[in-house]
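Visitor: Could you walk me through the empty spaces and a helix contact here, and tell me how each term is earned?
Guide: Gladly; have a look first.

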Amino acid sequence: MTFEWPAHGLKLQTRIETRVATIGVIGMGYVGLPLAVAFGEAGCSVLGFDLDPEKVVALNRGESYIKHIPGDRIAPLVAEKRIAATADLDRLGEVDVLLICVPTPLTRHLEPDLKYVEHTTRAIAHTLRKGQLVILESTTYPGTTREVMQPILEENGLIAGKDFFLAYSPEREDPGNPTFSTTKIPKVVGADDPVSAGLAMALYRHIVPQAIQVSSAATAEAVKITENVFRAVNIALVNELKLIFTAMDIDVWEVIEAAKSKPFGFMPFYPGPGLGGHCIPIDPFYLTWKAREYNQHTRFIELAGQINADMPQHVIRVLADTLDARFGRGLRGARILVLGVAYKKNVDDIRESPSLRLMELIEARGATADFHDPHVAQINGTREHPTLNYRHGVAWDEAAIAGYDAVLIATDHDAVDYAGLVDSAKLVIDTRNACGKAGVTGENIARA
């Protein structure tokens, strides 16, 4: 099928291909910052937008506020004027391309909360001009780009695919992954017109090894949801297997290690104390909500969500039962040290971390919950866990560890001395098999 590119599209394509186009990134967090750095290192000019003044100041000084994005990658880009940051949304009209990397949380009723996407889209609409390309990267349900964003952007009379261009390309960040960083992960691109799709493909080819075009924005949105549902369901499966095999006195970790020797038909997933991060605990419910519009029921997804959501309660039961069996005492009045509040190992990201829920459950049972995390000094900015906000971690001190009734390993950071921990602690509840992976054994270790 042939089509004629509008003049605005041809001009933007030339600017993108020659790296003259200015890239605007809205939301300079765990998704937006590495994306901005990737485009800056590819020779593009980037203007980052964030309403947090501390982030803006840090970036304009060439400093990083995310541990796995070192400042020595940002500083030269700032010095070369490849990256700048601002909190002024009136400057959205200055850039050629706008990449939206804002949160998409859930409401208390597990329904999509698109307020950040909607507010950002309205801010863009206020300054939208002909020839701009807008791309949503935030995870959402299929139809968001077309049904929510496009009508807002077209309110002033500009037409998507003709006057401005609109696409969806899901972020695929895995914070702290040493093998797959932003520039090593293929990009999926979807748009509802060929010009928008072509422009987005040209843009991402500057920073990724492969750009994969799908037939529509909704298809690209469905790709991201599918990736996250796949992980959520498989993690729920191994969490359930853990409960079954534990009752049979079988080590689920040993089972998984042996099973993954099969070169086909099996992919290892691992149990834990619950789900964390900005995607897996949240995104499947976006599809669950949207499916109701089509009278479809996501029974498999909802069951997986229930199993994963129950894991913190299981961990607390094991903690309480083990304290009772070993020392003849309950949780009330106990001192518990939670080891790790980041949602995954070797990062400082606490979003949706099950550790926070574990601390709340421990304190609800009348115990005290301190934490130590080599990557997180203080718990900040948790809307869902206000009682934990601004709580400081305790220093690593083996003598002090001996004073706790139990240490609960919630995150398996590599920087932890597990041998020293087991030598010092009265009781270690290991939810990640961290001690086993470190080759540390002891009668005071119990798995949960």
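Guide: A cavity is a set of grid points where a 1.4 Å probe fits but cannot get out, whereas a pocket is an open set. This is a predicted model, and the structure holds one cavity of 30 Å³ or more.

Visitor: What is the volume of the largest cavity, and which residues line the largest cavity?
Guide: The volume is about 100 Å³. Among the lining residues are Val-31, Leu-35, Glu-137, Arg-172, Thr-182 and Lys-187.

Visitor: What makes a residue in that lining nonpolar, polar or charged?
Guide: Val and Leu count as nonpolar, Glu, Lys and Arg as charged, and Thr falls among the others, so Thr is polar. The full lining of the largest cavity has six nonpolar, one polar and five charged residues.

Visitor: Which residues lie nearest the centre of the second largest pocket?
Guide: Asp-174, Asn-177, Arg-231, Ile-235 and Lys-344 do, out of 39 lining residues. Helix H8 (217–247) and helix H9 (252–259) each give two or more residues to that lining, and H8 has the largest share with seven. The space in this pocket is about 1,500 Å³.

Visitor: Why is H2 called oblique to H4?
Guide: The axes of helix H2 (residues 32–41) and helix H4 (residues 71–79) come within 10 Å and cross at roughly 55°. Angles under 35 degrees count as roughly parallel and 65 to 115 as roughly perpendicular; the crossing angle is in neither range, so H2 is oblique to H4.

Visitor: Which residues of H2 and H4 meet?
Guide: Leu-33, Val-37, Gly-40 and Glu-41 in H2 meet Arg-73, Ile-74 and Leu-77 in H4. By class, the contact has four nonpolar, one polar and two charged residues.

Definitions and conventions:
Residues are numbered from 1 along each chain as its sequence is written. This is a predicted model: local features need pLDDT of at least 70, side-chain atom pairs count only at pLDDT 80 or more; totals for chains, interfaces and linings use all residues. Side-chain values use heavy atoms; hydrogens and water are left out. On a 1 Å grid over the protein atoms alone, a cavity is a set of points where a 1.4 Å probe fits but cannot get out, and a pocket is an open set with protein on both sides within 12 Å along at least five of seven lines; lining residues have an atom within 4 Å of a point. Grid points are joined across faces, edges and corners, and a volume is the space filled by probe spheres set on the points. Helices (H or I, at least four residues) and strands (E, at least two) are DSSP runs, numbered from the N terminus. Axes are lines fitted to C-alpha atoms, for helices over the stretch in contact, and angles run from 0 to 180 degrees between N-to-C directions. Angles under 35 degrees count as roughly parallel, over 145 as roughly antiparallel, 65 to 115 as roughly perpendicular and the rest as oblique. Contact means heavy atoms within 4.5 Å.
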